[in-house]
Amino acid sequence: MSANQTVTLKVENVHKTYGKEEVLKGISFEVKKGETKVIIGPSGTGKSTLLRCVNRLTIPDSGRIWLDGVEITHPRTNINKVRQSIGMVFQDFNLFSHLSALDNVRIGLIKVKKIEKREATEEAMRHLVRVGLEDKAASYPAELSGGQQQRVSIARALAMGPKLMPFDEPTSALDPELIGEVLEVMRNLAESGMTMVVVSHEMGFARSVSNEIIFIENGVIVEEGPPQVLFGNPEHQRTKEFLCKISELYGKSEGK
Amino acid sequence: MNFLELTYDILPALLKGTVVTLELTVCSISLGFVLGISLALGRLYGNRPISAFCAGYIQFFRGTPLLVQLFILYYGLPSYDIRLSSFVAGILGLGLNSAAYQAEYFRGAIQSISRGQMMAARAIGMSRFKTILNIILPQALRIVIPSWSNELIYTLKYSSVAYMIGAPELMAQGKIIAAENFRYFEVFLVVAFIYLVAVLIVSRVLNVVEKRVRIPGLQMAQ
């Protein structure tokens, strides 16, 4: 642990098995405060499962996870409390369809944090402004584009004042022309010092924003390191192959 | 006496019965509503024994005739010293029966809401109970309206079965009048017409409600 930078997220030897298939075979990594780590890897290698373990939406079979020194995996931990500090963003946005954009962002403040309505509204509006959607506050999810919905969901997560934001393939469900606006918001977040773990195949984003890339395959970390190293001179042949393939497919959508 | 005169003559008594019919309907549909939501939630989110109990309840009340249930309540319970008036037995029977059907409508509505929304609510630290209250039910109640309208109409019409245990509702009044004047055809034509008007009003009202609570931009299943 470095002396000058506190560790926000620590994952230690996490295992998870579904039926006969061991999805996670002992994953360990750390994210320091203010860092952005991008997790890449072929589909079905447990990336989403790993993120869900981080806020205990999935309970790992073994291994331990800490957020700011609090052990999330400890059975006595008040998980509803911890989850407020983990602003998870999902691939399918998962906005509450019966609530306007404003209410989607505000409901956690009112019902979970018990903040008074007027104050919650102001707070929620601040976050809608931050994702550039203040003029859509009254719109319902079904009236918004995918990119706008994802930005509302980021505002919803942000409003809870998270210490960590896991993103589970936040642009994978979007039409190509809508990806940019979401990545832009994420880039600003990273620059403002938010601690982020991003499962994504947006290589442009990974290359220019992340402090470190983690390559996972078959439930283990194959390689991790700064983007320059992984893109420039990866240690493993497998990393090279994967990055080449992915860059061909996704690389052009951002950061020419 | 021509048909119009006859109608004019019997209408007051029939309307009195109509009031009882409406009371039976409102009380039993409300009982069924509260019980039905509880059963659906218990079946979906309860632990194994609770879920099994709810499933069993639904099976039993959907699998046995309403009339049999009413007879058990009205004629059967007195053997155990529980004596219900025909009106109360009617409400209980219709309500318990309706609960089983409503539970299934609610279950369908709840299951049509994407699981991701439950996950997203939990992810911001909302408890399961609060998620059900604030996220799941408000949507399920909107989605359920079309099938629930059916249930209300059904209950309104089938409350007529309560005449078999002597509840003084519309059907019973018709039967009494017709037995006196032997104008079965005309009397039950008027009775049928009253049911029809009530059903039309109910469907109209629920249509309006459905439109009023529609979520903007969202295509609701018809």
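# Notebook: a pocket, two cavities and a contact between chains

I began with the largest pocket, and I noted that helix H1 (47–54) of chain A, together with helix H1 (3–45), H4, H5 and H6 of chain B, each supply at least two residues of its lining. I should write down early that this is a predicted model, and that every value in these entries is computed from it.

I then looked up the volume of this largest pocket, which comes to about 710 Å³. Its lining has 26 residues, and the ones closest to its centre are Leu57(A), Arg115(B), Met118(B), Met119(B) and Arg128(B). When I sorted the lining of the largest pocket by class, I found nine nonpolar, nine polar and eight charged residues.

**Entry on chain B**

I turned to chain B by itself, and I counted nine helices and zero strands in it. Read from the N terminus on, its elements run α-α-α-α-α-α-α-α-α. Taken along the principal axes, the C-alpha atoms of chain B fill a box of roughly 70 × 50 × 20 Å.

**Entry on the contact between the chains**

How many residues does each chain bring to the contact? I found that chain B gives 21 residues and chain A gives 25 residues. Between them the two chains bury about 2000 Å², and 66% of this area is on carbon and sulfur atoms. On the side of chain B, I noted that Met119(B), Ala123(B) and Ile124(B) supply 29% of the area that the chain buries against chain A, which is more than any other three residues supply. Met119(B) had already come up in my notes, as one of the residues closest to the centre of the largest pocket.

I next asked which elements of chain B give two or more residues to the side that touches chain A, and these are helix H5 (115–123) and helix H6 (128–143). H5(B) gives the most to that side, with seven residues. By class, the side of chain B that touches chain A has 11 nonpolar, seven polar and three charged residues.

I also looked for polar pairing across the contact, and I counted six residue pairs in polar contact between chain B and chain A, with both residues at pLDDT 80 or more. For salt bridges the rule finds zero across this interface.

**Entry on salt bridges**

Side chains of opposite charge can pair when their charged atoms come close. Searching the whole structure, I found 17 salt bridges over all chains. I looked up one within chain A, where the side chains of Asp61(A) and Lys16(A) meet at 3.7 Å, N to O. This pair links distant parts of the chain, since Asp61(A) is in the loop between H1 and strand E4 (62–67) of chain A, while Lys16(A) is in strand E1 (residues 7–18), 45 residues apart.

**Entry on the cavities**

Rolling a probe the size of a water molecule over the atoms shows where empty space is left. In this structure I found three cavities of 30 Å³ or more, and I followed up two of them.

The largest cavity holds about 50 Å³ of space. Which residues line the largest cavity? From chain A I listed Ile86(A), Gly87(A), Met88(A), Phe90(A), Ser153(A), Arg156(A) and Ala157(A), and from chain B I listed Ala120(B), Ala123(B) and Ile124(B). Helix H5 (146–159) of chain A and H5 of chain B each supply at least two residues of this lining, and H5(A) gives the most, with three residues. By class, the lining of the largest cavity has seven nonpolar, two polar and one charged residues.

The second largest cavity has a volume of about 40 Å³, and it is lined by Leu66(B), Leu94(B), Asn97(B), Ser98(B), Glu151(B), Tyr154(B), Thr155(B) and Tyr158(B). The elements that give two or more residues to this lining are helix H4 (86–111) and helix H7 (145–158) of chain B. H7(B) gives the most, with four residues. By class, I counted four nonpolar, three polar and one charged residues in the lining of the second largest cavity.

Key
Residues numbered from 1 in each chain as written. Chains lettered and ligands numbered in written order. Heavy atoms only, no water. Contact = heavy atoms within 4.5 Å. Buried area = accessible area lost by both parts, 1.4 Å probe. Salt bridge = Lys/Arg side-chain N within 4 Å of Asp/Glu carboxyl O. Polar contact = N/O pair within 3.5 Å; in protein donor to acceptor, adjacent residues only side chain to side chain. Nonpolar A, V, L, I, M, F, W, Y, C, P; charged D, E, K, R; others polar. 1 Å grid on protein atoms, 1.4 Å probe; cavity = no way out; pocket = protein on both sides within 12 Å on 5 of 7 lines; lining within 4 Å. Points joined across faces, edges and corners; volume = space filled by probe spheres on them.
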